[in-house]
Amino acid sequence: MDLRYLLEKAKSGLLEDSELAFVGKKLQQESKKEVPSDDLYTLIHIIGKADFQFEDGVTYCCEPKRAGQYRPILEKFLRDSKDPDIVSIALQSLCIYWDKSKHYLKEIKSFIEGVDWDEDQDLLMIAINIAGNYLNKTPNEELYQLLVKTLENDKKKDHYITECLVKAIAKSKKSV
């Protein structure tokens with residue numbers, strides 16, 4: 001099966017159970033390999049969007065009723081992978097697509113604090129964005145202060161990181 005085609009079906013809320021089972025089996029196989037294939041990112045992305053609903057031209061994320069069984073595999077990538085792209089798509093799937101950020105605050109904070117293998121800081125930007133979205137719904141003083149501290153201590157003064165931090169802080173429901 002063509003994984004790009006399956007990803008488009010998932011994004012449109014049209015992924016069939018048999019297709020999800022195929023992707024899930026492949027994901028389980030990839031998660032056990034020492035060196036996963038280039039398909040791993042797409043497999044995780046499909047799982048993340050497998051339960052999307054599409055109505056009136058708008059895609060809605062929702063509770064992962066069918067894909068939720070693969071949650072432990074996605075969690076494993078947060079802990080065991082050192083590939084920023086793989087960790088990013090797993091984190092996005094769990095926190096953005098499935099709206100489970102409250103269960104991954106420890107990981108989000110860790111990625112905001114920085115990991116040495118995130119050389120291009122792509123994972124950092126995703127974690128900051130997720131933190132901002134979470135803080136928009138749920139006050140969390142510790143997470144808020146981490147964002148402020150990160151902004152204050154940004155040694156590289158990277159324009160994109162600064163912009164992500166400012167947006168995330170602005171989204172928060174912090175009462176002053």
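For what follows, I count Ala, Val, Leu, Ile, Met, Phe, Trp, Tyr, Cys and Pro as nonpolar, Asp, Glu, Lys and Arg as charged, and the others, Gly among them, as polar. With that in place, let me turn to the second largest pocket of this model, which, I should say at once, is a predicted one.

By those classes, the lining of this second largest pocket comprises eight charged residues, five nonpolar and three polar. The pocket has a volume of about 280 Å³, and of the 16 residues that line it, those closest to its centre are Pro36, Leu40, Phe77, Ser81 and Ile86. Helix H2 (17-32), helix H3 (40-49) and helix H4 (71-80) each supply at least two residues of that lining, and it is H4 that gives the most, with three.

Moving on to the largest nonpolar core, we have 54 residues, and the members that touch the most others are Leu27, Ile44, Ile47, Leu91, Ile108, Ile112 and Leu147. Helix H7, residues 122-137, contributes the largest share of this core, at nine residues. Taking Leu91 as an example, and leaving aside residues up to four places away in sequence, its contacts are Leu78, Ile96, Ile108, Phe111, Leu123, Ile126, Ala127 and Ile130.

Finally, how far does the confidence go? The protein averages a pLDDT of 91, with 92% of the residues scoring at least 70. Helix H6, residues 105-113, has the highest confidence, at 97, whereas strand E2, residues 58-60, has the lowest, at a mean of 63. Where pLDDT is low, the predicted coordinates should not be read in detail.

Technical notes:
Residues are numbered from 1 along each chain as its sequence is written. This is a predicted model: local features need pLDDT of at least 70, side-chain atom pairs count only at pLDDT 80 or more; totals for chains, interfaces and linings use all residues. Side-chain values use heavy atoms; hydrogens and water are left out. A nonpolar core is a set of buried Ala, Val, Leu, Ile, Met, Phe, Trp, Tyr and Cys residues joined through side-chain atoms within 4.5 Å. Buried means under 20% relative accessible area, exposed over 50%, partly exposed in between (1.4 Å probe, protein chains only). Helices (H or I, at least four residues) and strands (E, at least two) are DSSP runs, numbered from the N terminus. Contact means heavy atoms within 4.5 Å. On a 1 Å grid over the protein atoms alone, a cavity is a set of points where a 1.4 Å probe fits but cannot get out, and a pocket is an open set with protein on both sides within 12 Å along at least five of seven lines; lining residues have an atom within 4 Å of a point. Grid points are joined across faces, edges and corners, and a volume is the space filled by probe spheres set on the points. pLDDT is the predictor's confidence in each residue, from 0 to 100.
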